[in-house]
Every structure is written in structure tokens, then in C-alpha cells.
Amino acid sequence: MNKPLALKLIPNTIDEVIGQKHLLGNNKILRNLITNQRIFSMILYGKPGIGKTTIATTIVKDLGVRYRFLNATMNNKKDFDTVVEEAKLYDGIVLIMDEIHRLNKDKQDLLLPQLESGLITLIGMTTSNPYHKINPAIRSRCQIFELKDLNKEDIMEGLSRAIKHPDLVGIEISEDAIQHIATLAGGDLRYAYNLLEMAFYSSSDKKVTLELLKNINNKPVIISDKDESGHYDLLSAFQKSIRGSDVDASLHYLARLIEIEDLDSIYRRMSVIAYEDIGLANPDIGPRVMAAIQASELVGLPEARIPLGEIVVEMALSPKSNTAHIALDKALEDVRTGRCDDIPDTIKIHSTIYKYPHDYPNNYVVQQYLPDNLRNRSYYIPKDTSPNERILKQIKEKLDKKKEEIEKRAT
């Protein structure tokens, strides 16, 4: 069997890992743990193929510790029992667990006491946000580290190593060809290795040229260039053109994304724009974007360009407002800085002093909702630039005035 070059290039030590400098660089967290010969339970999360498994296995190899690898869904409870018994036999073990967000209650109940005692050290891996998907009992016993996307520079570094591998002895490849592979890879190092290997073996003279690469993958290089104005710049231009209400520019960047058939990025970015940039100024836009996405998925390309073009025109010319997510960001800042006093007695689940708004005129009654330390905090500051938000502004001002009058009478 011909083992792919990508597998042969899998790192054996932390020093060989590409990217993730924020965790593995000089004097960074995971690097220092290895230097200090210590390991703690942790969760690594990020996109598929970003290097979670590689980092987990290189950590245990560099530390020289006993470890086992399990999948939260594929391995049964008996497999977990075996790991626990082995941990007891050897006075500790590192358990590398993929898809940890899918860990069921039986397996969790088995592991928690061992994590608590330190008999098992867990390195969990997930593509899902651990703050939402992983049980708090597991999460509280682990440090969480987010892996970042590989950039073009990272891919170039990997390709520079790859062309020195014995499997590619005699290869001739230009800087332009390397740039082209890195561009097409879109942050996927495995794809870059596979394309390089295929190009090498599909040439008659071991020369990897731009022409050869384009024959293998003829997708036009629209998303990047030598000046590093890459894929994320294109998505940024798409969003900022819609935010700036320039319908022609919006359609131009949509056309670029359609030409490279990157529908997933179009869908994600439009979904963000609908709520980040248009928001309360046109609350119907969210469902309309989803309808356009569903229609595009149903018909596929090239017809998908029709609903996409229509919705992008509407988004670009729609009134804009960012007040809702700005308000939430202010609330998040308070939460993250510890401004979280106790929930008022008036709205606790077993409160005996809660006033049910529907029992009062206009379904409204003044009572305390925010914690004491944030009692007069105001997050949402409406704009007056669209009919919908103008109505919300009027309602808020009316409620604020009523609340102020009642509080004055109370004092």
C-alpha cells in the first residue's frame, strides 16, 4: 500500500507542528508545560483537520507518558473501563478522546472520579464550542484551548518541509507554484500535501509548474494573490460592501465567491451580516436570508446565483443597525468582568413576590430584573434611522419614563 505523503509528514514532536504559535510558540502555554514536564486535563477545539489530534499525540510523546486514544461515540463503556483499570495499574494515564462533546452520561460518570483524583488526565478534542456542547462537569475539570486556522504562511512552511521529503527527491518547483498550492489549500495543510504529491507523480520530469497544477485543479485563483490579499480579505470586502450599502461592489464580490463555488462561505457570511449589520433596522432580513440559502441549496449552481443575487441586492440596500449586538457585547463585558451580583428575589424561580406582567394594564409592571450592582445599567441604545427601530426606540423611551416615574414616587 502506498502511504500518502501527508501521513508520512505527521509531526512526531511539538517542534514539528505547523501553526498554533499562540499555544506552541516560544514561552507559550503548551510549550511551557512540556518544558516543565507537567500535563493537565485540557480540551482542544477547532475546525476539522486543524491539528487537534496531532498536538495531543505530540504532547504525550514529548512527555514520554503512557496514553490511550478513545472516541466518545465509537468506543463503548467497556473500552473506558479498560482505560480506568490500566490507569490504576500504572498509577496514571493520559486519555486522548476525540469528539468529547458526544460523551454520554454513563461514560462521563465513569471518568469524573478519575479526573478528580488525577488518575486520568484528559485531552479532549472537539469541533464544537465546548462552552455550549460539553457538559459543565467535564468542562470545569479541564483547561480549554482554541486552535486557530492555519494561514497561508503556515501552509508555505509545511510545503517547504514537504519538498525535502525523500518521496519527492528530485522535485523542481517554482515559488509561484508553491504560492498557488498554498492559495488553493485554503488553510488545509493535508490538502496542500496531497496536491503537491499528485503534481509530482503526474509530471514526466519531476517539475511542478503552474500549468500542471492548473490542469489538476483548474479553479481560478481569485481568492488570493502574492500580496496576501486572500480568502478572508474577499469575505471582508463582501461584508463591508453590503454594510456600506454599495450594491454594485456587493454583487462584484459575490460574483468572485460564486466563481470559486464557495457557497458555504457565502451562506455563513450573509447569515452574520443579516444580524450584525442590518439587525433591528430590518428584522425580516434574517428569515429572508435563510430562505435564499435554502433555495440556493435546493437548485445548486449555476442557478443558485439567482436567489443569492436577489438577496444580496436587498441586503445592500436595506437600512442598517448594529444596536442589538452592540448592546449584547456590553452585557457580555459585564459578565466577563465579574459584574454578576445575585439574581433579584423578585424573579427567582420560587419567588413569592414576583409580579406577573400579564395581570397588569398593558401587560407591564415595574419591578427589579437586573442585579443590584447593575440596577440602572442600560445596554440597548436604539437608533432613529429606520421605521422599525424608531418604533422600538419610542417603546423603550415610554417604558423608561414610566419606570422612572414609579421609582420617584416610591422614594
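In which sense do strand 2 and strand 3 pair, and over how many bridges? Let's start there, everyone. In this predicted model, the two strands run parallel, and the pairing of strand 2 with strand 3, residues 93-98, covers 5 bridges. If you'd like one pair to look for, take Phe69: its bridge partner in strand 3 is Ile96.

Now zoom out to the whole sheet. It is an open one, built from 5 strands in the order 2-3-4-1-5, with parallel pairing. At the edges sit strand 2, residues 67-71, and strand 5, residues 143-146, each pairing on one side only. From one strand to the next, the twist averages 20°.

Next, the helices on that sheet. Helix 5, residues 77-89, packs on the sheet and touches strand 2, strand 3 and strand 4, the last being residues 120-126. The direction of helix 5 makes about 165° with that of strand 2. Helix 6, residues 105-117, lies across strand 3 and strand 4, at about 125° to strand 4.

Further along the chain, have a look at helix 10, residues 175-185, and helix 11, residues 189-201. Their axes are 8 Å apart and the packing angle is about 135°, which makes helix 10 oblique to helix 11. The crossing of these two helices is right-handed. Helix 10 brings Ile181, Leu184 and Ala185 to the contact, while helix 11 brings Tyr191, Ala192, Leu195 and Leu196. By class, that is 7 nonpolar residues, with no polar and no charged ones.

Finally, a word on confidence. The chain averages a pLDDT of 89, and 96% of the residues score at least 70. Over residues 221-229, though, the pLDDT is below 50; that stretch has 20 contacts in the model beyond near neighbours in sequence. Thanks for listening!

Definitions and conventions: Residues numbered from 1 in each chain as written. Predicted model: local features only at pLDDT ≥ 70, side-chain atom pairs only at ≥ 80, totals over all residues. Heavy atoms only, no water. Axes fitted to C-alpha atoms, helices over the stretch in contact; angles between N-to-C directions. Helix = DSSP H or I, 4+ residues; strand = E, 2+ residues; numbered from the N terminus. Parallel < 35°, antiparallel > 145°, perpendicular 65-115°, else oblique. Left-handed = near helix turned anticlockwise from the far one by under 90°. Contact = heavy atoms within 4.5 Å. Nonpolar A, V, L, I, M, F, W, Y, C, P; charged D, E, K, R; others polar. pLDDT = per-residue confidence, 0-100. Pairing = 2+ DSSP bridges.
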